[in-house]
Structures are given as C-alpha cells and as structure tokens.
Amino acid sequence: MLCRVRTTAALFILCGLCAVGVVTDVHAQAKPNLWALATVPAEGVASPIGEYTSGCLRGAARLPMDGPGYQVMHPSRLRFYGHPDLVSFIEQLGQKLHAEKVGDVLVGDLSQPRGGPAPGGHSSHQTGLDVDLWYWLPPSAARGPLSQKEREELKSRSVLDPKTATIQAAQSARVLTMLRKTAEDSRVARVFVHPIIKRDACKASTDGDRTWLRKLRPWYGHDDHFHVRLHCPADASDCVIQSPVPAGDGCGELDWWFSPEAQEDRKQGQAQYQAKVGKAPGMPAQCKLLVEAPATAQKSKPAPLQAAAPAAAQP
C-alpha cells in the first residue's frame, strides 16, 4: 500500500494502510515469493481457501482490463484475478456507476493469479475476495479508456480537503454514490474507508435508509481508495468467515478515531501491519500444494490496449 505521508495528523491522512502502492522486487527477498512468480491461476473449481490475510485461491477468474464503468490500473502487477464473485461484483458495480453518470471507477489490486501473500502492498487480498477501488477519476479517464502508459504511471489521489476535514466538495457526490452502490450489494461484507469519509457519509445520509452505512468500516489511510471485501461464498467450505460487522450504522462510534489515543494506535498499527506484508502465518496446507502446482496454461499477460478516439466526457 503506497504510503503518502501528509502533514495534517488530525485528518489521519498518513496512509498507514493505503492499498495501491509499490511492489518490492521479488528477487531481492531472501526467499522468492512463489505466489508473486505464479502467472496463471491454479486449475479447478473456484475456491477461496483460508483467511483473507492467510490463504490462497484456486480457479481464479480474470477481470477484463475494461468494461462499462470501470478500468483496470497497473496491469503489469498481475493483480487482476479474483473469485468469480469478485469479478462479477466489479463488473456490475461499473454498470451501476455508469448508469448514475458519475464516471468510471478505476480498479486497483484484486489478488494474484493464485492469491497468497503479495511481496508488497497488502497483508490481505489473499483469497480473491478483496479489491481496492479508486475514488479519484483523472480527466483523461473521463474522456475514454486510458493508455497502457497512463494505467501504469497514474497513482491514486486523496479526495480529502485538509482545510475543512471533509471530502473535497467536487468529489463528494461521486464518492458517496460509489460507496452506497457498493455497500448495498449483498455480496459485500465490509468496506474500509477513511474515518472522515465515514463521518461525511453519516451526515449526508438523510433519506431514512441508513442500513448501508454499517458496512463502512473506518480505518487508517483509505483516503485515496476504498477497500471492498466480499463474504465467503456459500459453497466455499475452506473459506474462513470473518466476524460480522456490529449492528447499527456505526456513526456514533466515530469520535475515537479523532482522539489522541487513535493517533498513538495508528503508529503502533502501522508498524505491525508492515510486518505482516508478504507473509501468511498459519496458511492452510492445501495452499502450499496449490502454489507449487505446475502451470498448464500459457503465461497470462494483460491484453494490449487498443487505441481509441476520445469519447465525450460524462456529465
């Protein structure tokens, strides 16, 4: 997770746990990360195995680079694989956002072809049920498909205003629409967002239906993207279910996130989190067999992007 330190501590814009970021060199590690070296999924019925932070994925589906309402970023990382439920969720979310005329959602990391721990960027995203989605939409992406170069070089941006401690006025409607459409999907278990973004969502939800707010879970960083986590599929017997989110909308529990105690907790949590990146303690035994299974398909690479004439910007 790319950690961009900002100066306003009260906003938590310290990105201690941002999810779109730098990949460390696999070959610089003492032991090669076999998960990062795998370039094709493991064959078999799609199955998330283990925990979100210590597991793997059999029979991964590949998210196409483009679809109505979405575009995949940083394709060279080969992190556009997921359980078919996750791929379907992203495609359908893109269609919903396209219908709402808020512009495409840019898709960050899903999982590696066989899941497992990535050498940099995340401690989760291991079972094909997590994805990072950008808030910000570059003007060029609003006009049409980004070029290969743009997809590799563009980085996500914070949508918070440090002066007002709110979502930037120009971004607010888009951000809140994206989050609501995401949280309303029954496959979604939780959505990690910056505490300020959760607070703004709580204030803006005045139509009486606040049930979707409970899925928005405040967490450090997440000012430039939101992290979506799906439930374990009903037929995935090897998928470890995470504890359900507490009852209620969670809006009355936000004060702690803006306290001195939270600042200290962030410092400790950042160090603990970085120590977990690239590791998977307690990984199920079947994952070791899965990552070592020989590849039987051709090496998977992102399809070349076709040059396209700029389309009219969406309103």
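Here are some notes on this predicted model, going from the whole chain down to single residues.

1. **Overall make-up.** Keep in mind that we're looking at a predicted model. The protein has 8 helices and 13 strands. There are 315 residues, and 52% of them count as buried. The exposed surface comes to about 14100 Å², with carbon and sulfur atoms supplying 56% of that area.

2. **Contacts along the chain.** If you take the contacts between residues at least 6 apart in sequence, 79% of them join residues at least 24 apart. A few of the pairs below show what that looks like up close: L93 and M178 are 85 residues apart along the chain, V87 and V131 are 44 apart, and E184 and T211 are 27 apart.

3. **How α2 sits against α5.** Two packed helices are described by the angle between their axes and the distance between the axes. Here, the axes of α2 (residues 84-100) and α5 come within 10 Å and cross at roughly 135°. An angle over 145° would have counted as roughly antiparallel, and 65 to 115° as roughly perpendicular, so this pair ends up as oblique. As for handedness, α2 passes α5 in a right-handed crossing.

4. **Who meets whom in that pair.** Which residues does α2 bring to α5? From α2 they are F89, L93, K96, L97 and E100, and on the α5 side they meet T177, M178, K181 and T182. Notice that lysines turn up on both sides of this list, K96 from α2 and K181 from α5.

5. **L93, a closer look.** L93 belongs to helix α2 and is one of the residues meeting α5. Is L93 buried or exposed? Its relative accessible area is 3%, so it's buried, the cut-off being under 20%. Leaving out residues up to four places away in sequence, L93 touches M178, K181 and T182, plus L133. The C-alpha atoms of L93 and M178 are separated by 8.4 Å.

6. **V87, also in α2.** V87 is found in helix α2 too, and with a relative accessible area of 8% it is buried. What does V87 touch, if you set aside its neighbours within four places in sequence? The contacts are A61, R62, L63 and G82. The C-alpha atoms of V87 and V131 lie 9.5 Å apart.

7. **α6 is mostly covered.** Helix α6 spans residues 195-204, and 7 of its 10 residues are buried. Those are P195, I196, I197, K198, D200, A201 and C202. So K198 and D200 are on the buried list, where a relative accessible area under 20% is what counts. The cover over these residues includes helix α5 and the strands β9 (160-161), β10 (166-167), β11 and β12 (216-218). That makes α5 a partner to keep in view twice: it meets α2, and it is part of what covers α6.

8. **E184, after α5.** E184 is in the loop between α5 (172-183) and β11 (188-193). Its relative accessible area is 41%, so it comes out as partly exposed. The C-alpha atoms of E184 and T211 are separated by 8.5 Å.

9. **N33 and its side chain.** N33 lies in the segment before α1 (34-37). At 6% relative accessibility, N33 counts as buried. What do the polar atoms of its side chain find there? One lies 3.1 Å from the backbone nitrogen of A36. The backbone oxygen of P117 is also in reach, 3.0 Å from a polar atom of the N33 side chain.

10. **Two positive phi values worth checking.** Most residues other than glycine have a negative phi. L78 is not a glycine, yet its phi is positive, about 55°. L78 sits in the loop between β5 (70-72) and β6 (81-82), and at a relative accessible area of 14% it is buried. K101 has a positive phi as well, about 60°, and is not a glycine either. K101 is in the loop between α2 and β7 (105-107), but its relative accessibility is 52%, so it counts as exposed.

Key. Residues numbered from 1 in each chain as written. Predicted model: local features only at pLDDT ≥ 70, side-chain atom pairs only at ≥ 80, totals over all residues. Heavy atoms only, no water. Helix = DSSP H or I, 4+ residues; strand = E, 2+ residues; numbered from the N terminus. Buried < 20%, exposed > 50% of the residue type's maximum accessible area, 1.4 Å probe, protein only. Contact = heavy atoms within 4.5 Å. Areas by Shrake-Rupley, 256 points an atom, 1.4 Å probe, with all protein chains shown as cover. Polar contact = N/O pair within 3.5 Å; in protein donor to acceptor, adjacent residues only side chain to side chain. Axes fitted to C-alpha atoms, helices over the stretch in contact; angles between N-to-C directions. Parallel < 35°, antiparallel > 145°, perpendicular 65-115°, else oblique. Left-handed = near helix turned anticlockwise from the far one by under 90°.
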